[in-house]
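Student: Could you take me through one part of this in detail? I'd like a close look at cavities and at what surrounds the ligand.

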Amino acid sequence: MTKYILALDQGTTSSRAILFDKNGGIASIQNQEFRQIFPQPGWVEHDPNEIWLSQLTVAKMAMAAIGATHSDIAAIGITNQRETTIVWNKDTGMPIYNAIVWQDRRTADIIDNLKNEGLDKLFKQKTGLVLDAYFSGTKLKWILDHVPGSRAQAKMGKLAFGTVDSWIIWNLTNRRNHVTDESNASRTLLFNIHSGDWDEELLSILDIPHELLPGIVPSSGIIGEASSGLFGARIPIAGVIGDQQAATFGNLCINPGMVKNTYGTGCFLLMNTGAHALESKNNLLTTIGWNFANSGHNNRQYCLEGSVFIGGAVTQWVRDGLKFIDDANEIEHLATSVPDNGGVFLVPAFAGLGAPYWDQYARGAMLGITRGTTKAHIARAALESIAFQVADIVKAMENDANQRLTSLRVDGGACKNNFLMQFQADILDTVVERPKLLELTALGAAYLAGIAVNFWNGIDELESVWQLERKFEPHMHNSEREELLEKWYDAVSRCHSWAKE
Ligand code: ADP
């Protein structure tokens with residue numbers, strides 16, 4: 001009898017491996033950080049071999065820590081930092097350039113050219129994405145433009161492109177499988193999210209040879225086997241999914257209209273829109289959530305996605321910039337030492353504003369300061385600003401989907417802040433549900449793998465595994481909420497275009 005699903009959670013700063021038991025509990029967990037490489041301002045790279053080695057190491061350590069062997073493991077599920085781009089040589093297995101990380105801005109000028117040619121609409125319609133250097137397509141183009149001879153080699157079928165999931169699978173399968181799933185493919189600017197295939201027109205615009213692209217596999221289904229040389233015997237690989245979609249599935253936002261928010265450094269909101277790829281009228285992204293191998297052809301789930309640049313990072317600023325607290329956990333105590341924000345509103349547009357405003361020239365502001373303003377009011381305004389920004393995205397989602405949010409499920413480091421969660425419920429006038437287990441990214445990948453190998457008998461069984469830790473009910477009067485939101489919008493409007501010359 002197998003006892004565990006092994007989830008590999010390959011993140012931006014660390015690789016993590018978790019063994020989940022049948023109850024969705026963590027039987028073993030290991031984590032290892034790896035190097036962040038900053039060759040120039042705005043450039044961010046990883047060494048693909050460090051990514052792979054750290055991931056393999058933590059997987060072996062997680063098993064060894066509880067004496068688990070291959071025969072205890074039903075399947076492997078993989079989740080990964082999205083958009084990060086790797087190109088390697090199929091014969092040698094070696095990368096031809098470092099991984100270009102999602103945060104890397106070096107291809108901003110390629111994006112500007114595409115925009116100047118008026119191609120935004122075409123990309124948006126086919127890929128669901130806005131033209132931005134964030135996604136893989138222009139990063140891949142950059143590598144082919146800058147590594148001598150690489151485009152010709154790619155045309156001869158000698159090279160492989162992949163996001164981090166592909167790279168991990170290629171190595172796990174001892175170079176047998178060169179594949180990616182639709183959730184990862186939908187972040188490349190190269191994938192048609194309606195047809196579920198690479199798009200020849202977009203490939204030709206970016207001058208990318210089809211030959212180096214990975215095959216497309218389902219997010220849930222046996223797609224290969226980890227080679228016996230790694231774990232003593234073969235283990236099926238049965239789940240592959242990008243990190244934000246994984247957290248959405250991990251939080252069981254499986255029905256249309258369900259929304260999750262991850263409160264990390266930034267915030268990532270995803271709304272399940274079911275089988276329908278909704279094109280946003282409010283500057284949100286349309287992306288593929290996941291699909292299953294075993295449930296017919298029309299099982300692809302789509303999501304709307306919006307992100308806040310400065311989420312939990314505002315707490316870091318209160319700690320490291322303002323030095324009001326020594327530890328992030330202290331912010332709640334400070335913020336609740338006053339009965340309200342004392343009229344203070346903080347707009348943390350430190351790096352511009354993301355969805356739904358999209359103003360890269362906006363900068364932060366604090367308004368409503370009086371002689372009575374204290375550290376506590378500012379800390380409170382900082383936490384409230386996270387909830388206001390999330391509410392702005394929820395409103396955009398509700399408008400796009402023409403549907404009211406019924407509840408918000410949460411995860412990420414800052415969601416343990418009870419004040420923030422209550423204020424979020426109040427300002428959204430919606431229930432906020434915090435699950436017991438907060439490793440939802442890894443859990444989402446484990447769920448998808450576990451369903452594929454019948455470790456769990458479908459989604460119904462998962463519903464009984466997902467456990468609520470605390471529900472935050474909205475208590476605020478409508479008039480108070482409206483007054484606060486009005487002030488917030490007013491404050492945001494004053495930040496626009498501030499840094500524009
Ligand atoms: P990431 O995965 O983006 O590194 P995490 O999910 O680990 O982020 O969350 C860490 C973020 O949450 C940090 O920005 C931190 O400042 C913030 N944070 C952590 N604890 C709290 C807290 N109790 N209240 C508010 N913010 C917090």
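**Inside the model**

Tutor: There's 1 cavity of 30 Å³ or more in this structure (on a 1 Å grid over the protein atoms alone, points where a 1.4 Å probe fits but can't get out). Bear in mind that it's a predicted model, where local features need pLDDT of at least 70 and side-chain atom pairs pLDDT 80 or more, while totals for chains, interfaces and linings use all residues. Numbering runs from 1 along each chain as its sequence is written, and side-chain values use heavy atoms, with hydrogens and water left out.

The largest cavity has about 90 Å³ of space (filled by probe spheres set on the points). Its lining takes in 13 residues, and Val308, Leu353, Gly354, Ala355 and Gln389 lie nearest the centre (lining means an atom within 4 Å of a point). By type, that lining splits into 8 nonpolar, 4 polar and 1 charged, with Gly counted as polar. Strand β18 (301-308) and helix α13 (375-401) each give the lining at least two residues (DSSP runs of at least two residues for strands, four for helices).

Now the ligand. It has 15 residues around it, and Thr265, Gly312, Thr315, Gly413 and Asn417 come nearest (a heavy atom within 4 Å counts). Helix α11 (residues 313-321) supplies the largest share of that shell, 3 residues. The shell's make-up is 5 nonpolar, 9 polar and 1 charged.

Ligand oxygen atoms lie 2.9 Å from a backbone N or O atom of Gly312 and 3.0 Å from a polar side-chain atom of Gln316. A side-chain N or O atom of Asn417 sits 3.0 Å from a ligand nitrogen. Taken alone, the ligand exposes 570 Å², and the protein buries 70% of that (Shrake-Rupley, 1.4 Å probe).

Definitions and conventions:
1 Å grid on protein atoms, 1.4 Å probe; cavity = no way out; pocket = protein on both sides within 12 Å on 5 of 7 lines; lining within 4 Å. Polar contact = N/O pair within 3.5 Å; in protein donor to acceptor, adjacent residues only side chain to side chain.
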